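Could you walk me through this structure in plain words? I'm new to it and would like a short tour.

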Amino acid sequence: MKSVSTLLLATSVLLSSSLQAQEISGVQLDDSINIENQTLLLNGAGVRSKFFIDLYVGSLYVPQAIDSAKAALEAPSAAVRLNITSGMITADKMKDAINEGFDDATEGNTAPIAAKIEQFMGLFSAEIVEGDQFTLLADKATGVTAYKNGQVQATIAGEDFRQAVLMIWLGSEPAQDSLKEAMLGK
């Protein structure tokens with residue numbers, strides 16, 4: 001009986017720790033998010049840093065666990081969430097970084113999606129402050145729906161654009177290699 005009690009206690013501790021939300025760089029991450037009437041699960045998360053400064057926590061939410069960028073691109077939907085952790089990120093710096101990300105994601109061929117990129121950049125016109133949260137839902141049926149602090153900003157249609165957005169963080173030249181690996185749960 002004592003061993004059964006010990007086993008139950010150990011199982012209880014393991015389950016409670018696995019059910020707790022993850023915290024990275026002071027950001028409490030949801031184990032799952034419900035967005036556009038679908039539940040997406042936290043696949044992985046990490047920190048985007050530059051010159052030893054944590055800029056944001058990037059997390060990837062998908063319908064079921066994945067371990068490759070290809071699987072994320074093939075998923076019916078995936079969400080990239082960015083929790084801003086530094087006051088050093090401004091709207092202009094965010095635009096520059098995302099433009100660079102699109103350039104890398106498309107191997108320098110942004111012309112086919114240039115109008116969509118321009119529309120997307122408009123989402124980063126307002127001031128960005130520490131604590132802001134951006135969620136980019138990349139859905140095969142609708143395109144990319146951008147949220148800022150839980151409020152819908154816009155939806156930009158197109159599979160080519162959806163893939164380019166995901167490739168900013170998961171492509172062969174991601175925003176940061178260690179962040180890509182963390183988002184893929186590695």
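Here is a quick look at the whole chain, followed by a closer look at one strand and its partners.

This is a predicted model, where local features need pLDDT of at least 70 and side-chain atom pairs count only at pLDDT 80 or more, while totals for chains, interfaces and linings use all residues. Residues are numbered from 1 along each chain as its sequence is written, and side-chain values use heavy atoms, with hydrogens and water left out.

The chain has 6 helices and 9 strands; these are DSSP runs numbered from the N terminus, with at least four residues for a helix (H or I) and at least two for a strand (E). Of its 186 residues, 44% are buried, meaning under 20% relative accessible area with a 1.4 Å probe, protein chains only.

Now for β8, which spans residues 143–148: 6 of its 6 residues are buried. It pairs with a strand on either side of it in the numbering, as the table shows. Two strands count as paired if DSSP finds at least two bridges between them.

| Pair | Sense | Bridges | Residues between the strands |
|---|---|---|---|
| β7 (residues 133–139) and β8 | antiparallel | 6 bridges | 3 residues |
| β8 and β9 (residues 151–156) | antiparallel | 5 bridges | 2 residues |

Both pairs are hairpins. On the β7 side, aspartate 139 has glycine 143 of β8 as its bridge partner. Over on the β9 side, alanine 146 stands opposite alanine 154. In the hairpin of β8 and β9, asparagine 149 takes a positive phi near 50 degrees.

Note on methods
Buried means under 20% relative accessible area, exposed over 50%, partly exposed in between (1.4 Å probe, protein chains only).
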